[in-house]
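Please look over the sequence and the model shown here before reading on. The paragraphs after them move from the whole chain to a single helix and then to a single residue.

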Amino acid sequence: MWCNKILVAYDGSAPSRAAIDLALEVAKPSERIELLLVHVMRLYSAGADSVGINSVIAEDAERVQSELQSIADSSRNPATVKLLKGTSPADLIVRCAVEEGCDLIIMGSRGKGGVKGYLGSVSYAVTKDSPLSVLVAKEAGAR
């Protein structure tokens with residue numbers, strides 16, 4: 001089989017939900033395909049004023065991580081959830097995929113930067129920097 005382990009980047013947005021659906025579809029032919037569901041908790045350094053911001057970011061990350069755990073628990077494929085923390089989401093996603101021995105990265109694109117109207121800045125950076133194949137899911141209405 002060409003693909004044994006898929007990293008799926010998830011941020012709670014509609015395009016990232018489409019990425020989860022796409023990953024489940026790609027993994028459907030074999031129960032042996034592993035899914036690694038990751039969420040990036042982007043860290044900011046804003047000094048003493050960042051205490052409130054950091055707690056909101058941490059609460060959001062916990063909510064998304066809980067959402068991912070529910071998806072992992074209901075998957076017929078082996079699935080694990082990982083929270084990545086850092087300042088560069090694209091670098092974290094690519095590094096994690098390589099370190100975890102993934103064959104494919106699936107992610108959504110918000111289209112809020114990078115290549116205008118096509119890829120967001122994070123999905124663009126991942127496709128540019130990843131040594132692995134990257135599949136970018138679009139929202140259902142965008143197809």
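What follows is a walk through this predicted model, beginning with the overall arrangement.

The secondary structure of the protein consists of 4 helices and 5 strands, and, read from the N terminus on, these elements follow the order β-α-β-α-β-α-β-α-β. Of the 143 residues, 38% count as buried, while the protein exposes about 7900 Å², of which carbon and sulfur atoms supply 51%. Among the contacts with a sequence separation of 6 or more, 71% are accounted for by residues 24 or more positions apart.

Within this arrangement, helix H3 spans residues 89-99, and its buried residues are Pro 89, Ala 90, Leu 92, Ile 93, Val 94, Cys 96 and Ala 97. What covers these buried residues of H3 includes four strands, E1 (5-9), E2 (34-42), E3 (79-86) and E4 (104-108), together with helix H4 (121-129). Just after H3, Gly 101 adopts a positive phi of about 75°.

Which residue of helix H3 can serve as a closer example? Pro 89 has its place in this helix, and Pro 89 counts as buried because its relative accessible area of 11% falls under the 20% that sets the limit for that term. Leaving aside residues up to four places away in sequence, Pro 89 touches Val 40, Arg 42 and Val 122. Pro 89 can also be compared with Ala 9: the two are 80 residues apart in sequence, and their C-alpha atoms lie 9.6 Å apart in space.

Technical notes. Residues numbered from 1 in each chain as written. Predicted model: local features only at pLDDT ≥ 70, side-chain atom pairs only at ≥ 80, totals over all residues. Heavy atoms only, no water. Buried < 20%, exposed > 50% of the residue type's maximum accessible area, 1.4 Å probe, protein only. Helix = DSSP H or I, 4+ residues; strand = E, 2+ residues; numbered from the N terminus. Contact = heavy atoms within 4.5 Å. Areas by Shrake-Rupley, 256 points an atom, 1.4 Å probe, with all protein chains shown as cover.
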